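Biologist: I would like to learn how to read a protein model, one step at a time. Could we go through this one together?

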Amino acid sequence: ELFWWLWRCLPQTTYQELGSVLSLMPAETRLPDASIWSHLSLTSAMAGALAGYDLTSEDIANNWPAKKPLSHPYIVSFTFSPIQELIKASRKIRDFWAGSWILHYLSASVSWKLAQQYGPDIFIYPSLYEQPLIDHWLLQTYPDFQTWIKQPKDKQLLTAGFPNVLVLVLPKDKVNGAMQLAKSKLLEEWNRISDLVFEELKARDWMPKLTQDSSTWEAWLKSQWQIYWTGIPVGKEGESLT
């Protein structure tokens, strides 16, 4: 909870305390177009990737990392498709919105799950900061954050914006587990949406002969998404970063 507060609420608190002075804070000196907050978030992600997620107080007391090897940070890309085929199947503006929002929701759900497990700072793209759905779920998890975060309005929650490509920084030994977690979360939410759609179809009596164990229904659900991921080391593995 403390880490989430520092990541999400500290910038808000700083702005409230300093006001316009905040705009005078230096940007990241090596990347002038990046804010100091983006720099600190990436620094945190790299530190976590180097330390790994098993660092203990005892390790630090024993002069870590001199007596414990560094982990190696990886840049990881996770994506799911097809996207264009889903969108172009729309026949009405409402269909375009619904298709886009479902894609947005699936990607946001995967991002939220990964952020809960590995921290929100791991995301290079997209940034989770001030994302309406992320803020909504964050307030559900930590209601006390309402002092610093406003509950997003319905229009904000219903606006699609998440991409189908996620780019993260992770320690090498967490890459495979994180990607399996992302895949299972995507399919879990997809099946949950399908259950809601099926209930709606039955309530409106649109397809009375359709059942959830129908081979057509199940085959469509299982074949909809192709999921890909890849990870590459930052620098050269086995050598210290410069």
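What follows is a friendly conversation about this predicted model.

Biologist: Let's start with the whole protein. In what order do the elements run from the N terminus on?

Modeller: Happy to start there! The protein has 10 helices and 4 strands. Reading from the N terminus on, you meet them in the order α-α-α-α-β-α-α-β-α-α-β-α-α-β.

Biologist: What does the C-alpha trace span along its principal axes?

Modeller: Picture a box set along the principal axes of the protein. The protein has 242 residues, and 37% of them count as buried. Their C-alpha trace spans about 70 × 45 × 30 Å.

Biologist: How much of the contacts with a separation of 6 or more comes from residues 24 or more positions apart?

Modeller: Here we look at contacts, meaning heavy atoms within 4.5 Å. We take the contacts with a separation of 6 or more and ask for the part from residues 24 or more positions apart; that part is 74%.

Biologist: And the outside: what percentage of the exposed area do carbon and sulfur atoms supply?

Modeller: The protein exposes about 15000 Å². Of that area, the part supplied by carbon and sulfur atoms is 57%.

Biologist: Now to a single helix. How far apart are the end C-alpha atoms of helix H3?

Modeller: This is a nice one to check by hand. Helix H3 covers residues 36–51, which makes 16 residues. At 1.5 Å a residue, the helix should therefore span 22 Å. The model agrees, as the end C-alpha atoms are apart by 22 Å.

Biologist: Which elements do the buried residues of H3 pack against?

Modeller: First, let's name those residues: Ile-36, Ser-41, Ala-45, Gly-48, Ala-49 and Ala-51 are the buried residues of H3. They pack against helix H1 (2–8), strand S1 (73–81) and strand S3 (165–171).

Biologist: What is the phi of Gly-52?

Modeller: Gly-52 comes just after H3. Its phi is positive, at about 75°.

Biologist: Is Ser-107 buried or exposed?

Modeller: Ser-107 sits in helix H6, residues 93–118. Leaving out residues up to four places away in sequence, Ser-107 touches Phe-80, Phe-162, Pro-163 and Leu-166. Its relative accessibility is 0%, so Ser-107 counts as buried.

Biologist: Let's turn to charges. Which residues do the salt bridges that share partners join into one network?

Modeller: Side chains of opposite charge can pair when their charged atoms come close. The count for this model is 6 salt bridges. One of them links Glu-200 and Arg-204, with the closest N and O atoms 2.5 Å apart. Where salt bridges share partners, they join into one network Lys-185, Glu-188, Glu-189 and Arg-192.

Biologist: How far apart are the closest N and O atoms of Glu-189 and Lys-185?

Modeller: Both residues lie in helix H9 (residues 175–203), 4 residues apart, which is about one turn of the helix. Glu-189 is buried because its relative accessible area is 6%, and Lys-185 is buried at 14%. In their salt bridge, the closest N and O atoms are apart by 2.9 Å.

Biologist: Is Arg-192 buried or partly exposed?

Modeller: Arg-192 also meets Glu-189 in a salt bridge, at 3.2 Å from N to O. These two lie 3 residues apart in helix H9, again about one turn. With a relative accessible area of 43%, which falls between the 20% and 50% cut-offs, Arg-192 is partly exposed.

Biologist: Which residues does the cis peptide bond join?

Modeller: Most residues other than glycine have a negative phi, and most peptide bonds are trans. In this model, omega is about -5° at the cis bond. Pro-126, one of its residues, lies in the loop between strand S2 (123–125) and helix H7 (132–141). The cis bond joins Tyr-125 and Pro-126.

Biologist: One last question: what value is phi of Glu-130 near?

Modeller: Glu-130 is in the loop between S2 and H7 too. At 46% relative accessibility, Glu-130 counts as partly exposed. Its phi is positive although the residue is other than glycine, and the value is near 65°.

Definitions and conventions: Residues numbered from 1 in each chain as written. Predicted model: local features only at pLDDT ≥ 70, side-chain atom pairs only at ≥ 80, totals over all residues. Heavy atoms only, no water. Expected span 1.5 Å × (residues − 1). Buried < 20%, exposed > 50% of the residue type's maximum accessible area, 1.4 Å probe, protein only. Salt bridge = Lys/Arg side-chain N within 4 Å of Asp/Glu carboxyl O. Areas by Shrake-Rupley, 256 points an atom, 1.4 Å probe, with all protein chains shown as cover.
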